[in-house]
Amino acid sequence: YFNMQKENLDSNTLSVIMITYGHEKFIRQAVEGVLMQECNFKVELIIANDASPDKTSEIVHEIIKTNPNGSRIKFINRNNNIGGQKNFEDAFKQCKGKYIAHCEGDDYWTEPYKLQKQIDFLETNPDYVLTFHKVKILRPDGNFVDDFITKIPENYQTIETLAQFGNYIHTPSIVYRNIIGMLPYEMMISPIGDYFLYLILAQHGKLKYFEEEMAVYRFGVGIHSTQGQIKMAKSNFKLFTLLLSYFNDPKINKILLDRQLNALDSFEHLIRNEYREAFISHNIFFKALKSLQSPKNFWKKLRYKLIK
C-alpha cells in the first residue's frame, strides 16, 4: 500500500517526537507519559528543545539521569531558536522506528497501553496508515472537559473526508507508519504543519479512530490556540495555497481550492469588520482628493449644491 520507504529503520522500534519550547511547567508530565508506556517493542523518545528560555533543559536532563527509562531519551537541546517547523523536521529525520508518535511538550499521555493498542492495529491492518484517538481537553483554569474542538465526521478514514472537513485529529493522539522519505518544502513553510502531515499520510492508506481517551490536550497553550481570528484566517489561506502546490490529484485539489476560496472570503470579511471605520474614512478622503485634482469640477459641483 505504500510506495515510500525509509531506509535503516528498526522494525521493532517506535519513535516518539516531542518538540518543546517554553514548556517548563508541563515537560515533566509529557515525558513521563511516554516513559510509562507498556509495550512489546522498543520506544525511543526524541525531545527537541528549541532553545527554551526557561528550565526545560534542566528538567529533561534530570529525568534522563533519574528515571529508570531515561536511556530511551535522545535529547536535542538547541543553543539557538530555529522555529517550530525546522525543529520538527530535524527531529523527524532522527526517527529510526517503523512507526512514529507525537506528543508535544505541553500535552501528555494518560494510558500506559496507548502505543501497544495503536501498533497492534497497524500491524494487523496493512491498509491503514495512521491511527488517532479521543482526547480530554484541559482548560487554562485547570478543568478537564470533553473534546469541544474536533468532531469526527462520517467516513473519516479517507483523504477526501480529511481534505473536506479539515483537521479532526489531535496531535498527541497519533501513531503512524514511518513511510515519508522527506518532508516536502511546502509543509516546511506552512503555518499549520500537523494537518499537512496527515494529508500526506492519507495518500497512502486509511485512518483509524479509537473512542478511548488516552491523552490530554492543553487548550490555550499552543501557538495556534493564542492566534487572533485575522491571523488564523491568513494562516488558513496560506495553508491551502501550499497544499494546492503540493498535491497533484484533481479530486483533492478541487476540494482544497474550494476551501482556499472560503478561507479568502473569511479573511476579507474579518478585515472589513475590523477596519470598517478606517475604510469608510479613507473612502471619503480619497473621494475628496480626487475632486481636488479637478478644481473646476469641484467648485462647479459645490456651487450647484449651494444654489440648489
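**Cavity lining**

I sorted the residues that line the largest cavity by character and found five nonpolar, three polar and two charged, where Ala, Val, Leu, Ile, Met, Phe, Trp, Tyr, Cys and Pro count as nonpolar, Asp, Glu, Lys and Arg as charged, and the others, Gly among them, as polar. I kept in mind that this is a predicted model, in which local features need pLDDT of at least 70 and side-chain atom pairs count only at pLDDT 80 or more, while totals for chains, interfaces and linings use all residues. I also noted that residues are numbered from 1 along each chain as its sequence is written, and that side-chain values use heavy atoms, with hydrogens and water left out.

The lining consists of Phe 132, His 133, Lys 134, Val 135, Asp 147, Thr 150, Ile 152, Tyr 168, His 170 and Tyr 209. Strand S6 (residues 128–138) gives the largest share of this lining, four residues; helices (H or I, at least four residues) and strands (E, at least two) are DSSP runs, numbered from the N terminus.

I then looked up the volume, which is about 40 Å³ for the largest cavity, and the structure holds one cavity of 30 Å³ or more. A cavity here is a set of points, on a 1 Å grid over the protein atoms alone, where a 1.4 Å probe fits but cannot get out, and lining residues have an atom within 4 Å of a point. Grid points are joined across faces, edges and corners, and the volume is the space filled by probe spheres set on the points.

**Aromatic pairs**

I looked up the ring contacts next, and the structure holds 10 aromatic pairs, a pair being rings of Phe, Tyr or Trp (its six-membered ring) with centres within 6.5 Å, called stacked if the planes are under 30 degrees apart, edge-to-face if over 60, and tilted for the rest. One of these is the tilted pair of Phe 88 and Phe 92, at 5.9 Å centre to centre with 35 degrees between the planes. Both residues belong to helix H3 (residues 84–93), where they are four residues apart, about one turn of the helix. Phe 88 is buried at 8% relative accessibility, and Phe 92 is likewise buried at 2%; buried means under 20% relative accessible area, exposed over 50%, and partly exposed in between (1.4 Å probe, protein chains only).

I then turned to Tyr 156 and Tyr 209, whose ring centres are 6.1 Å apart with planes at 75 degrees, so the pair is edge-to-face. Tyr 156 lies in the loop between S7 and H5 and Tyr 209 in strand S9 (residues 206–218), so this pair ties together parts that are 53 residues apart in sequence. Tyr 156 counts as buried at 13% relative accessibility, and Tyr 209 is buried at 13% as well. One aromatic cluster is formed by Phe 132, Tyr 156, Tyr 168 and Tyr 209.

**Charges over rings**

I looked for charges over rings, which requires NZ of Lys or CZ of Arg within 6 Å of the ring centre and within 35 degrees of the ring normal. The charged end of Lys 114 sits over the ring of Trp 109, at 4.8 Å from its centre, and Lys 208 lies over the face of Phe 210, 5.6 Å from the ring centre.

**Positive phi**

I checked the backbone for positive phi in residues other than glycine, and Ala 51 has a phi near 55 degrees. Ala 51 is in the loop between strand S2 (42–49) and helix H2 (56–66). The phi of Asn 155 is also positive, near 55 degrees, in the loop between strand S7 (144–145) and helix H5 (159–165), and Asn 155 is partly exposed at 48% relative accessibility.

**Cysteines and two distances**

I searched the whole structure for disulfides, meaning a pair of cysteine sulfur atoms within 2.5 Å, and the search finds zero. Cys 39 is partly exposed, with a relative accessible area of 24%, whereas Cys 95 is buried at 2%.

Lastly I looked up Asn 69, which lies in the loop between H2 and strand S3 (73–77) and is partly exposed at 25%; its C-alpha atom is separated by 10.0 Å from that of Gln 37, 32 residues apart along the chain. Ala 263, in helix H9 (residues 250–274), is buried at 8%, and Ala 263 and Lys 238 are 9.1 Å apart C-alpha to C-alpha and 25 residues apart in sequence.

Key:
On a 1 Å grid over the protein atoms alone, a cavity is a set of points where a 1.4 Å probe fits but cannot get out, and a pocket is an open set with protein on both sides within 12 Å along at least five of seven lines; lining residues have an atom within 4 Å of a point.
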